[in-house]
Amino acid sequence: MSNHDQTTIHGGPFTRPEGLDTRLDGALASQLDEVDPDGPEARQVLAAIMDSINAEFKAIDERACPVDLIAEPRRIVYVTYWIEAEINNGGLSQYFFNSSGDNAAIAPELVRTLGHPELVSILERANACFPNGYPTRNFLQRYDVLEEIEEEAEEKWEALDAEYHEKNIICQPALIAYIREHKSSFYKLS
């Protein structure tokens, strides 16, 4: 079994079922070409894609989201989507305290693919609050570290949250552009 088929990062081991394919029907791909990347239709497209990624995770394990077992384009969209959602909802503190933070160590590299250098910088500086600049992917271990660093880190994270909002960082247009470039990772094309 290859590393692409099994992971233990999230407490598994988890194995990807053979033949698993939760990509959206290819007929829906035409919607992607017609939407305004900043508009509400794009949010609907993104929601459908996130549903397909979540269905993929559910087929692998009922509770875990082992991003290492999904295709890189889907991983990039999933991780970036949750970064934006968490920061907009409760800031970097919420991001690190929630399961989305399981991917914090790999997030800067994935977001860099989308061409968001300002967000990459914010993520790298937020991660730097952790010992060795590395937030562990194990939630329970990360939680213990968060308990130790929270007071000092919270002030830095709040400043980074403010910077994020001041720069009006919005990922949706970049995500839509990326999905358009990697359509076959999200849609069953003939």
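This is a guided tour of a predicted model, stop by stop.

**Whole chain**

Start with everything shown as cartoon. The protein has 7 helices and 4 strands. Colour from the N terminus and follow the order: β-β-β-α-α-α-α-α-α-α-β. The C-alpha trace spans about 50 × 40 × 20 Å along its principal axes. The radius of gyration is 17 Å, which agrees with the value near 16 Å for a compact globule of 190 residues.

Now turn on contacts. Of those with a separation of 6 or more, 74% join residues 24 or more positions apart. Switch to the surface next. The accessible area comes to about 9,800 Å², and carbon and sulfur atoms hold 46% of that area. Of the 190 residues, 46% count as buried.

**Helix H7**

Select residues 172-181, which form helix H7. Which residues of H7 are buried? They are Gln172, Ala174, Leu175, Ile176, Tyr178 and Ile179. Show their side chains, then add the partners. The buried residues of H7 pack against three helices, H1 (29-34), H2 (40-60) and H3 (72-97), and against strand E4 (187-188).

**Asp33 and Lys183**

Stay in this area of the sequence and pick Lys183. Its side chain meets that of Asp33 in a salt bridge, 2.8 Å from N to O. Asp33 lies in helix H1 and Lys183 in the loop between H7 and E4, so the pair ties together parts that are 150 residues apart in sequence. Check exposure on both sides. Asp33 is partly exposed, at 46% relative accessible area. Lys183 counts as buried, at 19%.

**Glu163 and its two partners**

Select Glu163 next. Two salt bridges can be drawn from here. One goes to Arg125, at 2.7 Å from N to O. Arg125 sits in helix H5 (residues 117-127) and Glu163 in helix H6, so this pair links parts 38 residues apart in sequence. The other goes to Lys167, at 3.0 Å from N to O.

Is Glu163 buried or exposed? Glu163 is buried, with a relative accessible area of 17%. Its partners read otherwise: Arg125 is partly exposed at 36%, and Lys167 is partly exposed at 39%.

Add Arg16, Glu56 and Arg74 to the selection. Salt bridges that share partners join these residues into one network. A search of the whole structure finds 10 salt bridges.

**The start of helix H6**

Move to Phe139, in helix H6 (residues 139-166). Show Leu140 and Tyr143 with it. Phe139, Leu140 and Tyr143 make a nonpolar surface patch of about 290 Å². Phe139 itself is partly exposed, at 33% relative accessible area.

**Cysteines**

Finish with the sulfurs. A disulfide is a covalent bond between the sulfur atoms of two cysteines. How many disulfides are there by the distance rule? The count is 0. Zoom to Cys129, which is in no disulfide. The nearest cysteine sulfur is that of Cys171, 20 Å away. The cut-off for a disulfide is 2.5 Å between sulfurs. Cys129 counts as buried, at 15% relative accessibility.

Then select Cys171. Cys171 is in no disulfide either. Its nearest cysteine sulfur belongs to Cys65, 19 Å away. Cys171 is buried, at 0% relative accessibility.

Conventions:
Residues numbered from 1 in each chain as written. Predicted model: local features only at pLDDT ≥ 70, side-chain atom pairs only at ≥ 80, totals over all residues. Heavy atoms only, no water. Buried < 20%, exposed > 50% of the residue type's maximum accessible area, 1.4 Å probe, protein only. Patch = residues over 30% accessible without salt bridge, like charges linked within 9 Å, V, L, I, M, F, W, Y side chains within 5 Å. Areas by Shrake-Rupley, 256 points an atom, 1.4 Å probe, with all protein chains shown as cover. Salt bridge = Lys/Arg side-chain N within 4 Å of Asp/Glu carboxyl O. Helix = DSSP H or I, 4+ residues; strand = E, 2+ residues; numbered from the N terminus. Rg over C-alpha atoms; globule rule 2.2 N^0.38 Å. Contact = heavy atoms within 4.5 Å.
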